[in-house]
Amino acid sequence: MGNPAPSFLGYAYGFTLLFVLGSHGHPNLGILVLFLCICLHLVLWVITWWCINTVRRIVILLIRIVLAVLFIPKYVRYQYIRFWHQCTIRPRRFGWQTLRNFPDARTPLLLEAECSSHACDTTSKLCPECFDIIERSGLISGSTTLFARRLEWYKWTIPCRRAEPSATRKSCQLCSILWNSLDEQSRSTLTAFSSTSPDTLWLWLAIWQDQPSRWFDNGGYYIQLFDRGEQPENRTKLCRPIHVREELLEDSPPSVHIPTYTGSAACLKLVESWITDCQATHITHCSGDINQDTQTFIPTRLLFVGDRISSLLRLEDASIPSSHGADVKYIALNYCHNENVPTTHQKLTLDKKDEWKHHMNEKGLPLAFQHAIHLTRQLELNYLWIDSLCIIQDSLEDRDHESRNLGNIYSNAYYTISADSAADANGSCFVERPSCLLDFPCRLRFSNKKALTIRSERHTYTSKSFSAKVDRSMLSRSACSLPGRFLSRRTVHFGSRYIFFECNTHIASEVITKGRPFRKQRGFIEKLRHFILRPRDKKYQLNSAAFPSTFNPITGYCASLNELMQGQTTILSVEEELRLHRLWFQLVSKFTRSQTSERSDRILAIQSLAQVVQSSGDSNEFMKGLWRRHLLFDLLWYIESGQTKKPAERHAPSWSWQAVDGEVSQRLISHEKITEGKKRSLLKVAEVIASNESEITAGVLSLKCPLFVVTNVACTAQHLFILEIQTSEGRVEARLAPDILDFSPSEELFCAEIIREVVFEDVKKRDIFAVWSNGIVLRRKYTESLEGVKVTYERVGRFWMEWPLVKDELDPRSRSMAKFLLQRREGHVIRI
């Protein structure tokens, strides 16, 4: 058909020409029409070509886009991944610095002069070569060009001579960490090579950043040593990568001076500052006496270590008021009593008592005792208490009397020395630590709030070091040493690697000398809510920045002891009795898990705690390891693990946990069942009947409680048994945890129910969800006397039982069963 615009214009031109030729009267009008047709032709022609070119360009662009989608992204993706594999965004760390052979002037450090008598190392202080490496590293110090390579190589000169980093050039903490990251074989090889080769020995040091698992992560930084291969791909790893962590400094300085001997003048001055500060500022929790009634308590005997006139060591009878003032400050030593090692050191005996009042041979004492005497003199105190030197060891009467006063002895001591590093008295309180730089973190770069930190592969100092080195030490696992840990208001822990100070307010260390408090003060709104809504809640909260410790006075064992001392209300609700029962058995469980070779030592140790609790009020009566104010709950103890055979000679009645061995614990059924959103009620279905003085002395306990006959016993795994009990509502199954291993299921057994738990579906107590019974398992005993045959019972275990419920309202058994379970039944009177 041809182009439409030229055809149309051709027709227009033809008609226009005919019009012009035929317009004899108006020739100008014909010319004008012709001109307009020509203009229209040009406009249409331009528009047509513009449309054609536009379509052509769009088609070409679409073709390019298709080609880019199909082929170009692979190349772009390759280049992108290659770039980020090699580089990372690391801007310059402005305001960060590195120590170079000088301590940080902003931090409270020990004076260099105080370390003159013993070697003293400074953490985080780098030698010139390590300082230059850290400064040039784009990953550690940051890059001025915004981007930094993920892998950096530097030559690191080994400062070693004869297997130790030293004098070829002065080493620093980073050098020590790098050198000790090598294995023994590599160090020996490098040392032998350095002794024969005149050239300087060096290795490749790689600083690298790993690829982040997520796009918004930065990835971790690492330092690692490689051999002297020419090409990076040919270099062999010589050690594990050392992680560079970004940590918050909080209240810890970036650098500290660490003496290599914990008995140095610098360490003792630090200990003195801790004690002085605690005495002056911790008035509420540390400066006052634990028991107000024992303000003038003084141990029977004390060691006089000397004064400004004489340093003669002797034993003094401190119970004579005329020889001492009203306020006698003495130090107590808490050390590990290792019964497996025969003791050869001097002890106080009846034949030495008079001699020691005039003079004692100090050099003949164990090393831990000598160090305690030295520390007492350095702190300008005159008196020291050590159990084996102040208690007559061959007098049962004196040992029993003084053991009962252990609670008052430790709680009234000015402070306690804890020899955590010593396995026994022959061990040492003060130790040498030549590699102390490996025990503390190295801050490569630091600002006011953060630091880039590396640590040696072995366990170095962290906020958890106190828990690892003190709470889990052999001393804290010894039953004989636990009273000193529980009751001392101030304790200086001398460990194998660190020194810690612990009081009722905070814990301090050589790194955090000012300490971190246990308590977090409530804000105004929290105080108001506490006063109005929760008046029985704890006044203080545990500070999240505090050193983790299972003995802390807010949520730990010491908190349980403090609450027991404060719970002196004569009339207690059932829930309050249960709470005190749990608190007490937290302490009992700790003592029964501790190490000791004699059961009597464990009993005497926990009696010292009971003495402190009992002396804090008149409403307490301690009965063979249990408390009368919550006796029914205390009878529900059981042996969780470590059962033994029945002792040949019992030192306590069978209803007491002191009669058997093993780890003692407590648990009601509701502790292990899901009862969230439900209401629980506790019913005491038993009652204690007052006994006469002779029965109390003999350890006989009289109870009035429901008593059920056991008809069948079946053994299960893990030394547990299933009992079949005959009740008025039929036979019910129960679980039994025996107290001893040689338990005989063939004997005639009875179940004495003590506590019944009723759980309702909701808080309105309309529908019963479950009913559980807790009690003890007994066996009957017959004893002949002048009055005839007496029937008594002996405890053999603990039982838990769930009552079967019929929840159909139309079934009459449901109503009768509920009525039976909710009402208190008349029980039998039994003597245990």
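Below are three short exercises on a predicted model, each with a worked solution.

**Exercise 1.** Find the order of the strands in the open sheet that holds β31, β32 and β39, and say which strands stand at the edges.

*Solution.*
- Step 1. Read the order: β31-β32-β39, 3 strands with antiparallel pairing.
- Step 2. Look for strands with a single partner strand. β31 (687-689) and β39 (828-831) each have one, so one side of each is left without a neighbour in the sheet. These two are the edges.
- Step 3. Add the twist. From one strand to the next, it averages 30 degrees.
- Step 4. Check one pairing. β31 and β32 (residues 702-705) are joined by 3 bridges. One partner pair is Glu-687 with Lys-704 in β32.

**Exercise 2.** Find the bridge partners of Val-709 in β34 and in β36.

*Solution.*
- Step 1. Locate β33, which covers residues 707-715.
- Step 2. Go to β34 (residues 721-727). It runs antiparallel to β33, with 6 bridges between them. Here Val-709 partners Gln-726.
- Step 3. Go to β36 (residues 749-760). This strand is also antiparallel to β33, joined by 3 bridges. Here Val-709 partners Phe-750.
- Step 4. Recall the rule: strands of a sheet pair through backbone hydrogen bonds.

**Exercise 3.** Identify the residues that touch the most other members of the largest nonpolar core, then trace the contacts of Phe-486.

*Solution.*
- Step 1. The core has 135 residues. Trp-385, Tyr-415, Phe-486 and Trp-584 touch the most other members.
- Step 2. Set aside the neighbours of Phe-486 within four places in sequence. Its contacts then include Phe-551, Tyr-557, Leu-561, Phe-591 and Leu-609. Lys-590 is also in contact with Phe-486.
- Step 3. Apart from the largest core lies another, of 36 residues, including Leu-205 and Ile-223.

Notes. Residues numbered from 1 in each chain as written. Predicted model: local features only at pLDDT ≥ 70, side-chain atom pairs only at ≥ 80, totals over all residues. Heavy atoms only, no water. Pairing = 2+ DSSP bridges. Helix = DSSP H or I, 4+ residues; strand = E, 2+ residues; numbered from the N terminus. Core = buried A, V, L, I, M, F, W, Y, C linked by side-chain atoms within 4.5 Å. Buried < 20%, exposed > 50% of the residue type's maximum accessible area, 1.4 Å probe, protein only. Contact = heavy atoms within 4.5 Å. Axes fitted to C-alpha atoms, helices over the stretch in contact; angles between N-to-C directions.
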